[in-house]
Amino acid sequence: MSTSIRIDVPEALAASHGKHFGASGRAWIAALPDLAAGFLDRWALRLDGPGRHGMASLVLPVTRADGTPAALKLQPVTDEHATEPVGLRVWDGDGAVRLLDHDADTGTMLLERLDATRPLSSAADDDTAVGVLAELLVRLVAVPAPEGLRRLADIAAAMLDQVPGAVPALGDPADRRLVRTCASAVAELVGEPGDRLLHWDLHYDNVLAAEREPWLAIDPKPLAGDPGFDLLPALDNRWEEVVASGDVTRTVLRRFDLLTEALGLDRKRATGWTLGRVLQNALWDVEDGETALDPAQVAIATALLRHRAS
């Protein structure tokens, strides 16, 4: 019986839950071994190797009763995670990992097995990697968002409300000016937030090699909005390579051009919503106690603003 199998909880996952979720996170970690064992029984699964984890989830490679490889993903039910199965059901494997089963009460999902040892970040050529990510984005944002998802309209309005309180926390006047500039760009677009189904976190490590297709997206945070709001994670991937290129602006704009051309986006709108993502990250950083903007975010915003001005 799978209930006799010991499920080891990675120390880093336990520490992450304690840091970000406090007592509720520690309680979830304590219950995780029994939760996993219960679903191995319930869905007639057999463990098939060591698990992997992110900041919040544990993913166990498993085999179904018919011999099909799959992945059991366990994570708490939060606003951030609750809509992941909603998006996966809508995409139904088109550009994204396929959802095989889901338990709404616990947030547990059974997913098709992808190759976790081969993320898109392992691709040697950056233009190739950006191209793959762009092609996936084209497919993912091609469908309208279903009802019940978080909406960019609400998120953007909330960001604008937070700006006056956040700006004084930044020590550098240049950082404060940049945040206000990003907020102005969002204010121009807030009335046209879009209605596409967005991934919201499509970076190289959230794309894995697969058998069914060469590459598929994982770990979405589904959102209803404008596709331009989905570009930033692709722009700051492998940032050390961007810096090593010797021309950060040129490299950022090359990635931006590849993405906007593939998706057929209006470049001005895409710039505005990308600045919106910079604003969102800045507000999150301030909320976490930071007093300076992340240099990569500043460089990306600066590159786009210079290009827009020219």
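This passage describes a three-stranded sheet and the helices associated with it in a predicted model.

The sheet is open, and its three strands are arranged in the order E8-E12-E9 with mixed pairing. Strand E8 (150-151) and strand E9 (196-198) form the edges, each pairing on one side only. Strands of a sheet pair through backbone hydrogen bonds, either parallel or antiparallel. In the case of E9 and strand E12 (residues 223-225), the two strands run antiparallel and are joined by three bridges. Within this pair, Leu 198 lies opposite Leu 223 of E12.

Helix H4 comprises 15 residues (residues 152-166). From its first C-alpha to its last, H4 reaches 20 Å, which is close to the 21 Å expected at 1.5 Å a residue. The buried residues of H4 are Leu 152, Ala 153, Ile 155, Ala 156, Met 159, Val 163 and Ala 166. Their cover includes two strands of the sheet, E8 and E12, together with helix H5 (173-189) and helix H9 (267-287).

Two packed helices are described by the angle between their axes and the distance between the axes. For H5 and H9, the packing angle is about 130 degrees and the axes are 8 Å apart. Because this angle falls outside the ranges for roughly parallel, roughly antiparallel and roughly perpendicular packing, H5 and H9 are oblique to each other. Their crossing is left-handed. On the H5 side, the contact involves Val 179, Cys 182, Ala 183, Ala 185, Val 186 and Leu 189. These residues meet Arg 269, Gly 272, Trp 273, Leu 275, Gly 276, Val 278, Leu 279 and Ala 282 in H9.

Technical notes
Residues are numbered from 1 along each chain as its sequence is written. This is a predicted model: local features need pLDDT of at least 70, side-chain atom pairs count only at pLDDT 80 or more; totals for chains, interfaces and linings use all residues. Side-chain values use heavy atoms; hydrogens and water are left out. Two strands pair if DSSP finds at least two bridges between them. Helices (H or I, at least four residues) and strands (E, at least two) are DSSP runs, numbered from the N terminus. The expected span of a helix is 1.5 Å times one less than its number of residues. Buried means under 20% relative accessible area, exposed over 50%, partly exposed in between (1.4 Å probe, protein chains only). Contact means heavy atoms within 4.5 Å. Axes are lines fitted to C-alpha atoms, for helices over the stretch in contact, and angles run from 0 to 180 degrees between N-to-C directions. Angles under 35 degrees count as roughly parallel, over 145 as roughly antiparallel, 65 to 115 as roughly perpendicular and the rest as oblique. A crossing is left-handed if the near helix is turned anticlockwise from the far one by less than a right angle, and right-handed if clockwise.
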